[in-house]
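Trainee: Could you take me slowly through one part of this model, the open sheet and what goes with it? I would like a single connected account that I can follow with the structure in view.

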Amino acid sequence: MNNKNQTRMKKILKWIDKNRVKIGIWLFLVILPISLVVTAYVGSYTSNRSLYFDQEVTEESEKIKSFVSPDELKGVTLDIEWDALKKPVEDAEGALTGGYYRFNIKYTANENFDLENVKITPVLKTDWKGFRSVGIDRYISTSFISFSIDFNYDLPITPLPFVKVEEPILYLRVEYTYLSAGQNVTEVEYVKFPLNDLNPNIVVPN
């Protein structure tokens, strides 16, 4: 470092030392709020990217964090249609009621899989905001069947500035049994099916 650079550095360090209180206040007023905002966004996003499939969450409930698409399962491929949507309405006490999402679903066995049973547990849940509704276990087949999930939450919402939640995500716990080397093997996998870019076949009027 030449003399000119050394002189400049000394001036900078002297200025920092002279104004350290002002600098500390500036850091507190600017950096801290930014950190808090980032923490709020990241915390809200990450905390709502996993979910429970149990109707009642207990200490034994398993929180699922890893999901695949309907065509990435090991033994089956799922075909899912968003059939109907009914928005909830307020009852006399002001509570939301009567809302539901209805889907059609069927499966195709993947090559070399001799399937016995395929059962799903459906959950509707939003990102960013922990709106969650668990449906009833259903056995599905190679022909379309319908299932509904009650969802009595008011959407869309804006849980944070610049974040808008239009629709929940359909999650499925998929349990199936297949024959392997003369033995029945049970597999459990988890599916994520976003609805944001889809439209239902029917919107049921209130």
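**A close look at the open sheet**

Mentor: In this predicted model, strand β6 (residues 100-109) pairs with β10 in the antiparallel sense, and the pairing extends over 6 bridges. To find one of these contacts for yourself, look for Phe103, whose bridge partner in β10 is Phe147. In general, the strands of a sheet pair through backbone hydrogen bonds, and they may do so in either a parallel or an antiparallel way.

Stepping back from this pair, you can see that β10 and β6 belong to an open sheet of 4 strands, in the order β10-β6-β3-β15, with mixed pairing. Because β10 (145-150) and β15 (202-204) stand at the edges, each has a single partner strand, and one side of each is left without a neighbour in the sheet. From one strand to the next, the twist averages 30 degrees.

A hairpin offers another example of antiparallel pairing: strand β11 (residues 157-160) and strand β12 (residues 163-165) run antiparallel and are joined by 2 bridges. Here Leu160 has Val163 in β12 as its bridge partner, while 2 residues lie between the strands, and Phe162 in the turn has a positive phi of about 70 degrees.

Finally, consider the empty space inside the model, where there is 1 cavity of 30 Å³ or more, with a volume of about 30 Å³. Its lining includes Tyr101, Phe151, Tyr153 and Leu155, together with Lys86 and Lys87, and the lining residues divide into 6 nonpolar, no polar and 2 charged.

Key:
Residues numbered from 1 in each chain as written. Predicted model: local features only at pLDDT ≥ 70, side-chain atom pairs only at ≥ 80, totals over all residues. Heavy atoms only, no water. 1 Å grid on protein atoms, 1.4 Å probe; cavity = no way out; pocket = protein on both sides within 12 Å on 5 of 7 lines; lining within 4 Å. Points joined across faces, edges and corners; volume = space filled by probe spheres on them. Nonpolar A, V, L, I, M, F, W, Y, C, P; charged D, E, K, R; others polar. Pairing = 2+ DSSP bridges. Axes fitted to C-alpha atoms, helices over the stretch in contact; angles between N-to-C directions.
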